[in-house]
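User: I have a model open and want to learn how to read it. Can you take me through it feature by feature?

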Amino acid sequence: MMLTVGVIGGGVIAREHLEAIQSLNDLHAVALAEIDSSKRDALSGEFGLNGYSDYKQMIQETTPDIVIITLPHHLHKEAALFSARQGCHLLLEKPMALNAEECEEIIKAAAEHNVQLLVGHIQHYFQENRMAKRVIQELELGDLVFINETRHLNYFTDDRPEWFLNPACSGGGIIMNIGAHCVDKIQWVVGEPFTKVTSNLSYSSPGIEGAGLLHLETESGIPVSISISGYNPVPKHVTEFVFTKGMMKVEIGKGVWVSKHGRYEQVYSSNQDHPFQDQLIELMNGITGKSPIENTGVYGKSIIQVIESIYQSDQEVKTLRLSHSLQGKEGLV
Ligand SMILES: NC(=O)c1ccc[n+]([C@@H]2O[C@H](COP(=O)([O-])OP(=O)(O)OC[C@H]3O[C@@H](n4cnc5c(N)ncnc54)[C@H](O)[C@@H]3O)[C@@H](O)[C@H]2O)c1
């Protein structure tokens, strides 16, 4: 079955989605809505799309089966609600929306209009994370004791779009944007939601936080520390899992290492990832009824709830317990 796609927002990540669509036989990108005419013309020309400045007009005129929303965070809700009401299935980029209430409105609209909703938590589709999940599930290294994630990257680059640095549009800084990936990765790899949060954030850059030290705990009590910094650091992206019988190290884009005798040995070398294709295949399978969507709206909302708790813990200088809204293991298996 051929499904048509319209993309809303023609910025950095739109290209990844358009290239993934091009590589899949059952999808056909038909239109792009982008308010910046130079970006619109460039991407529409390259991918042979009908270009629109108004996404509502795009949806009404081209009636795509699927809409991919790659807009600034404050526009996710209104675009998702409009698209769902027009009967379009949704791939909504992470973070799902500015807060849990907005997520709830989107979940309701998708259910009411009987459309599939996939939130773009891309970590689920990286082979490194899939392998880490398998090692944990198969108890290859014994019981999981704790997890340490370090993510350093230059967040305040000259080419970062302005809206990312405006909290009214982004909902926050590095925690909202990059922290969402860290929270998603660990929740999903471990297969448990976070239920306890303590955080210390740095607001050395005006307006939004640029770094943070997070101490979280999963539902069964596994401690997780996440260090994130964006003030022009030495780039690093490493997750280490400490077990009773060894350790595992995951570096997205590089590989997976396992240690059983005090020394890491590489067990996977990154070379075969197609995360954006795999994400679209999950959405197509949901639409055609082949298999249910894992990255549901309820799962996307769970990430926003953790992010909200991280901000609250820092502001109130206290540890917060959160009761997650996942139904069973939704999004975690
Ligand atoms: N999955 C990932 O790994 C990943 C990576 C990067 C970004 N993202 C997410 O993707 C989304 C977009 O991020 P980005 O980096 O592409 O940002 P971006 O600023 O490069 O792209 C957003 C685009 O939306 C356009 N836009 C704004 N208002 C519009 C409107 N009303 N109608 C049509 N177009 C409009 C802007 O002109 C801009 O080109 C965010 O949610 C972000 O967090 C996800």
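User: Which residues does I8 touch, not counting residues up to four places away in sequence?

Analyst: Keep in mind that this is a predicted model. To read a residue's surroundings, skip its sequence neighbours and list what else it touches. For I8, that list is A33, Y55, M58, I59, V67, I68, I69, T70, L71 and S83.

User: How do I read the nonpolar core, and which residues touch the most other members?

Analyst: In soluble globular proteins, nonpolar side chains tend to be buried together. Here the largest nonpolar core has 106 residues. I8, L27, I69, M96, I175, F241 and M248 touch the most other members. Helix α8 supplies the largest share, 11 residues. The core also draws at least three residues from each of domain 1 and domain 2.

User: Where do those domains run?

Analyst: Start with the bounds. Domain 1 covers 3–122, and domain 2 covers 127–270 + 297–321, according to the domain assignment. Then look at spacing and contact. Their C-alpha centres lie 27 Å apart. The contact takes 18 residues from domain 1 and 20 residues from domain 2.

User: Next, the sheet. In what order do the six strands run?

Analyst: Read a sheet across its strands, not along the sequence. The order is β3-β2-β1-β4-β5-β6, the pairing is parallel, and the sheet is open. β3 (50–52) and β6 (117–120) each have a single partner strand, so one side of each is left without a neighbour in the sheet. Neighbouring strands are turned by 20° against each other on average, direction ignored.

User: How many bridges join β2 and β3?

Analyst: Three, in the parallel sense, with β2 spanning residues 27–33. For one position in register, take L32: it stands opposite G51 in β3.

User: What does helix α3 touch when it packs on the sheet?

Analyst: For a packed helix, ask which strands it touches and at what angle. Helix α3 (residues 55–62) touches β1, β2, β3 and β4, and its direction makes about 140° with that of β2. Helix α4 (residues 76–85) packs on the sheet too, touching β1, β4 and β5. The direction of α4 makes about 170° with that of β5.

User: Why is α4 described as largely enclosed?

Analyst: Count its buried residues. Seven of the 10 residues of α4 are buried, so the helix is largely enclosed by the rest of the structure. They are H76, A79, A80, L81, F82, S83 and A84. The cover includes β1, α3, β4, β5 and α5 (100–112). Check the backbone just past the helix as well: G87 takes a positive phi of about 85°.

User: Is V189 buried or exposed?

Analyst: Use relative accessible area. V189 has 0%, so it is buried. It is found in helix α8 (residues 174–190). Now compare sequence with space. V189 and R134 are 55 residues apart in sequence, yet 8.3 Å apart C-alpha to C-alpha. Beyond its sequence neighbours, V189 touches N129, A132, K133, I136 and F241. F241 is one of the core residues that touch the most other members.

User: And E192: buried or exposed?

Analyst: Buried means under 20% relative accessible area. E192 has 13%, so it counts as buried. Its place is in the loop between α8 and β8 (194–202). For a buried polar residue, look for a polar contact. The side chain of E192 makes one with the side chain of T218, at 2.7 Å. Other residues that E192 touches include Q187, E219, S220, I222, K329 and L332.

Note on methods. Residues are numbered from 1 along each chain as its sequence is written. This is a predicted model: local features need pLDDT of at least 70, side-chain atom pairs count only at pLDDT 80 or more; totals for chains, interfaces and linings use all residues. Side-chain values use heavy atoms; hydrogens and water are left out. Two strands pair if DSSP finds at least two bridges between them. Helices (H or I, at least four residues) and strands (E, at least two) are DSSP runs, numbered from the N terminus. Axes are lines fitted to C-alpha atoms, for helices over the stretch in contact, and angles run from 0 to 180 degrees between N-to-C directions. Contact means heavy atoms within 4.5 Å. Buried means under 20% relative accessible area, exposed over 50%, partly exposed in between (1.4 Å probe, protein chains only). A nonpolar core is a set of buried Ala, Val, Leu, Ile, Met, Phe, Trp, Tyr and Cys residues joined through side-chain atoms within 4.5 Å. Domain bounds come from an automatic or database domain assignment. A polar contact is a pair of N or O atoms within 3.5 Å; within protein, one must be able to donate a hydrogen and the other to accept it, and residues adjacent in sequence count only if both atoms are side-chain atoms.
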